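The following note sets out numbered points on the structure shown below. Each point is confined to what the coordinates support.

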Amino acid sequence: MSDSNQINEVISTEHSGDVALVCIDNPPVNATGHAVREGLEIAFAGLIADASVKVIALYCAGRTFVAGADIREFGKPAKAPGLSSVLNVIEQSPTPVISIIHGTALGGGLELALATHARVAIEGAKIGLPEVLLGLLPGAGGTQRLPRLSGLAFALDVILSGRQVPVQEALEKGAVDRVVAGEPRMVALAAAQQVLDGTLATRRTVDLSAEYDRAVIDATLAGVKKKNPHLISPVKCVEAVAACNLPLAEGLAVERQCFMDCMQTPQRGGLIHAFFGERAVSNIPEAKGETRPLDRIGVIGGGTMGSGISTACLSAGFPVRLIEVKEDALARGVATITKNLDGAVSRGKMTSEARDAALARLEPSLAMEDLADVDLVIEAVFEKMEIKQEIFGKLDTICKPGAILASNTSYLDINAIAEMTSRPQDVLGLHFFSPAHVMRLLEIVQGAKTAPDALATGFLLAKKLKKVGVLAQVCDGFIGNRILGHYSKVISYLVLDGASPQQVDNALEGFGLAMGPHKVGDLAGLDIGYMTRQRKKEEGLDPNERYGGAVADRICEQGWYGRKTGKGYYLYESGAPVPNPEVAGFIDEVRAADGITPQSFTDQDIIDRYMTAMISEAARVVEDGTAKRPVDVDMVFLFGYGFPRFRGGPLHYADMIGATELVRRIEAYAKTDPNYWQVPEILRKMAADGTTFADLNQ
Ligand code: T1G
C-alpha cells in the first residue's frame with residue numbers, strides 16, 4: 001500500500017488506488033475507548049471524502065477484533081464521539097465499508113461490524129453481544145441491526161444469552177457474509193478486491209427489514225421475567241429489540257433509552273464489579289511468580305470431594321493418580337468420577353471422546369507410594385486433623401523433592417499440617433467447593449512457610465482448571481466458611497426472635513439468593529450441622545454466645561434431616577417443599593423456654609440483619625488480612641456461595657449501604673445482643689473518614 005497514515009495512537013489507515021484499510025490497534029482487546037472512537041471518526045471522514053477510495057476495509061491488529069466498548073469508561077462522564085454516532089457515519093457511508101472479524105467480536109465490536117456493509121470472518125472467530133451479562137444491553141445498534149440481518153429469534157437468543165456464537169453458525173444466520181482462512185490484513189485486502197470485482201456483495205443493514213412477530217416478543221418477555229425476576233437488563237433487552245420494526249432512527253432512540261435505564265441501575269455496577277473482580281483476584285504478585293512443574297497430580301481420597309477434584313483435574317487434561325485405602329472405596333471413587341464425566345457429556349460440556357481420554361488418564365491405586373512421582377498431591381480425606389497430619393507425615397517420605405503437598409481442608413490449620421513434614425515450604429491449602437468439578441471457587445491458603453513458587457503454582461492450577469483462585473491466609477474457615485460461620489447464626493436468631501423459617505427463606509430469595517438457608521439446610525442434610533453442634537457442645541460452648549441451634553436440634557432429634565428423610569424444616573412428600581407444621585411447635589417451645597416474646601420482622605429487616613452480619617465478618621476478614629482486599633471476599637461469595645452476582649458481592653453491596661449506616665445498624669442490634677453484634681474497627685474508621693471498600697481495592 002502506498003499511503004499510510006497514523007491517525008492517532010490506536011488508529012491507522014492505508015490507501016492504495018481504490019482500496020483503503022483502517023486498522024484498530026488498541027491492546028489488549030481493541031476495546032472502543034475514546035481514542036478508538038475519535039480515531040475512527042477522523043479516519044472515516046477523510047476516506048469517505050476521498051473520491052479515489054472505492055472501498056474501505058476495517059480490521060484489527062492483535063488477538064481479536066473489537067471485543068466491546070471499554071468497560072472501564074462506564075460510570076465516568078461520556079466523551080464524544082459516542083460509539084453510535086461513529087457507527088452511523090460508517091453505515092451511511094456512500095463508499096462501501098467492510099469489516100474483517102477475527103478472535104471474539106463482542107458487544108460494541110460486533111455492533112461496529114454490523115454497521116459495515118459486509119462482514120468477512122476468519123475461521124475460528126466468534127461473535128456475541130454479552131452486554132446482558134454486565135447488566136446492560138447492546139447500546140450501539142445491536143438490538144436494531146442484528147434482527148434485520150439474522151431474524152428476531154436468533155437476535156433475541158444472542159442478546160439474552162450473551163453467548164459467543166461460532167462464525168459458522170453466524171454465517172448460517174446471515175450475521176456474517178463469508179468465513180475464510182488467513183490473517184486480518186491480508187483478508188481485508190482480498191475482500192476489498194472482491195467488492196470491487198463484484199464477488200462480495202455489500203448492503204446497508206438499515207435497508208433490511210426484520211421479520212417481526214409481536215407474539216415472539218411477548219413470549220420472550222414473559223420468559224425473561226420468569227427466569228430472572230430480579231434482573232432488569234434482560235427485560236430492557238427485549239423492549240429494545242421490540243422496537244426493531246420502527247424506522248432505524250426511532251429504533252435506535254428506543255434502544256438508547258433502554259440502555260441508559262440499565263446504566264443507572266446498581267445491577268450494572270454489581271455485574272461489572274464481578275467481571276473485573278474475577279480477573280483482579282489473580283492479578284496479585286503472589287500469583288505471578290515463578291511456578292513449579294505441574295504435570296502429574298495425585299489425589300488422596302475418593303469421596304465426594306476427592307472424586308470431584310479428580311474430575312476437575314482430569315477434565316482439564318491432567319493425569320490423576322487417585323489413592324484410597326480400600327478397594328471398595330476406590331471403586332466408588334472411580335464410579336463417581338465416571339458419573340461426573342458422563343454428566344458433562346450429557347450436558348454437552350464434553351465430547352464422549354474427551355470423556356474417554358480423561359478416564360484413560362485416571363490411575364486408581366491403593367498404594368500411597370504411587371505418589372512418588374507426582375508434582376502435586378491434593379489430600380481430600382475426612383476433616384480430622386489427626387488423620388491429615390498422619391497422611392502428610394507419610395507424604396513427606398514418599399513424594400519427590402519439590403512436589404507440592406496440598407490439603408483440601410475447609411477450615412483446619414494448614415500450619416499444623418505442614419509441621420508434620422520436613423518441607424513446610426511445599427505445603428499449602430487448596431480449598432475446593434462442592435461439587436468440586438462444578439463450583440469455580442478455589443481458596444488458595446498460604447501457610448506461614450509456603451514457598452512463593454508453591455503458592456504461584458496454586459494459582460497456575462486454578463487457571464488450568466478454569467477456577468477463580470483467591471488467596472487466603474490461615475484462620476478457622478479461611479475466608480468463606482469463617483464468614484458463613486458468623487452470619488449463619490443470625491438466621492437462627494431471627495427465627496428464635498419471631499420470624500418463621502419460611503419467611504426468612506422467602507425474604508432472602510427475594511434478595512436474590514437462589515435458595516433460602518433453611519431449604520439449603522434441608523437439601524444438604526440437617527444432620528451435618530447437628531453433628532458439628534454436638535462436637536462443639538462437647539468441646540464447650542462460649543457462655544457469652546447465644547445458642548441458636550435448639551430448634552434445629554429438636555428437628556434432628558426426630559430423625560428429620562431434610563430432603564433425604566422427607567422431613568426437615570419443610571415436608572417433601574408432595575415434591576414441592578411445604579413448611580413442616582411441627583417445626584412451629586418446636587420454635588414456640590424454645591421461645592417459651594428462653595423467655596422470648598416473638599417480634600415481627602419485615603422482609604427488609606431480615607435482609608438487613610443477614611447482610612449486616614455477613615458484612616461485619618467480611619470486614620473483619622479484610623481488617624486482619626485473611627483476605628487481601630474486599631474484592632477477594634466478594635469473589636469468594638460470588639463463585640463459592642451463590643451470592644447474587646448482580647449485587648457484586650457482600651462488600652460491594654456494603655458500599656451501597658455505607659459505613660455510617662452499617663455502624664448505626666450494628667450498634668442498634670447490639671442493644672439486645674452485644675456479644676454477637678460488634679462494630680469492626682475498620683467500619684468505624686471508614687465511617688469516620690468517609691472511605692469505602694472500593695477504595696481499599698485500589
Ligand atoms: N473493556 C475493557 N477491558 C476489557 C474488556 C472491555 N470490554 N474486555 C476485556 N478487557 C480486559 C480484561 O479486563 C483483561 O485486563 C484483558 O482485557 C484480557 O481480558 C456499546 C456497552 C474478550 C473474551 O463484555 O469477555 O460493548 O486483567 O483476561 O480470557 O453495546 O475479556 O489483563 O488488565 O478476559 O482471553 C461488551 C468482555 C462490553 C467482553 C477475552 N464486551 N471481555 O477473554 O482475556 S459492553 C464484553 C471478555 C459494550 C456496547 C456495550 C473477555 C474476552 P487485564 P481477559 P480472555
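1. Helices α1 and α2 are roughly parallel to each other, a label given to angles under 35 degrees, whereas over 145 counts as roughly antiparallel, 65 to 115 as roughly perpendicular and the rest as oblique. Helix α1 spans residues 34-49 and helix α2 residues 83-92; their angle is about 20° and their axes lie 10 Å apart. Axes here are lines fitted to C-alpha atoms, for helices over the stretch in contact, with angles from 0 to 180 degrees between N-to-C directions. The crossing is left-handed, that is, the near helix is turned anticlockwise from the far one by less than a right angle (clockwise would be right-handed). On the α1 side the contact involves Arg37, Leu40, Glu41, Phe44 and Ile48, and on the α2 side Leu83, Val86, Val89 and Ile90. By class, the residues of this contact are seven nonpolar, two charged and no polar. Contact means heavy atoms within 4.5 Å; Ala, Val, Leu, Ile, Met, Phe, Trp, Tyr, Cys and Pro count as nonpolar, Asp, Glu, Lys and Arg as charged, and the others, Gly among them, as polar.

2. On provenance, this is a predicted model, in which local features need pLDDT of at least 70 and side-chain atom pairs pLDDT 80 or more, while totals for chains, interfaces and linings use all residues. Residues are numbered from 1 along each chain as its sequence is written, and side-chain values use heavy atoms, with hydrogens and water left out.

3. The protein chain contains 30 helices and 20 strands, taken as DSSP runs numbered from the N terminus (helices H or I, at least four residues; strands E, at least two). Its radius of gyration of 29 Å agrees with the value near 26 Å for a compact globule of 698 residues; the radius is taken over C-alpha atoms, and the globule rule is 2.2 Å times the number of residues to the power 0.38. Of these 698 residues, 54% are buried (under 20% relative accessible area, against over 50% for exposed and in between for partly exposed; 1.4 Å probe, protein chains only).

4. A second helix pair has the opposite orientation to note: α9 (residues 233-241) and α10 (residues 248-263) have axes that come within 9 Å and cross at roughly 175°. That makes α9 roughly antiparallel to α10. Ser233, Lys236, Glu239 and Ala240 of α9 meet Val254, Glu255, Cys258, Asp261 and Cys262 of α10. This contact has four nonpolar, one polar and four charged residues.

5. Helix α27 (residues 650-657) is mostly covered, with six of its eight residues buried. These are Pro650, Leu651, His652, Tyr653, Ala654 and Ile657. Among the elements they pack against are α11 (266-280), α20 (501-511) and α25 (603-623).

6. Some backbone geometry merits inspection. Most residues other than glycine have a negative phi, and most peptide bonds are trans. Pro27 and Pro28 are joined by a cis peptide bond with omega about 5°, and Pro28 is in the loop between β3 (19-24) and α1. In that loop, Asn30 has a positive phi near 60° and is buried at a relative accessible area of 2%. Lys466 also has a positive phi, about 55°, but is exposed at 65% relative accessibility.
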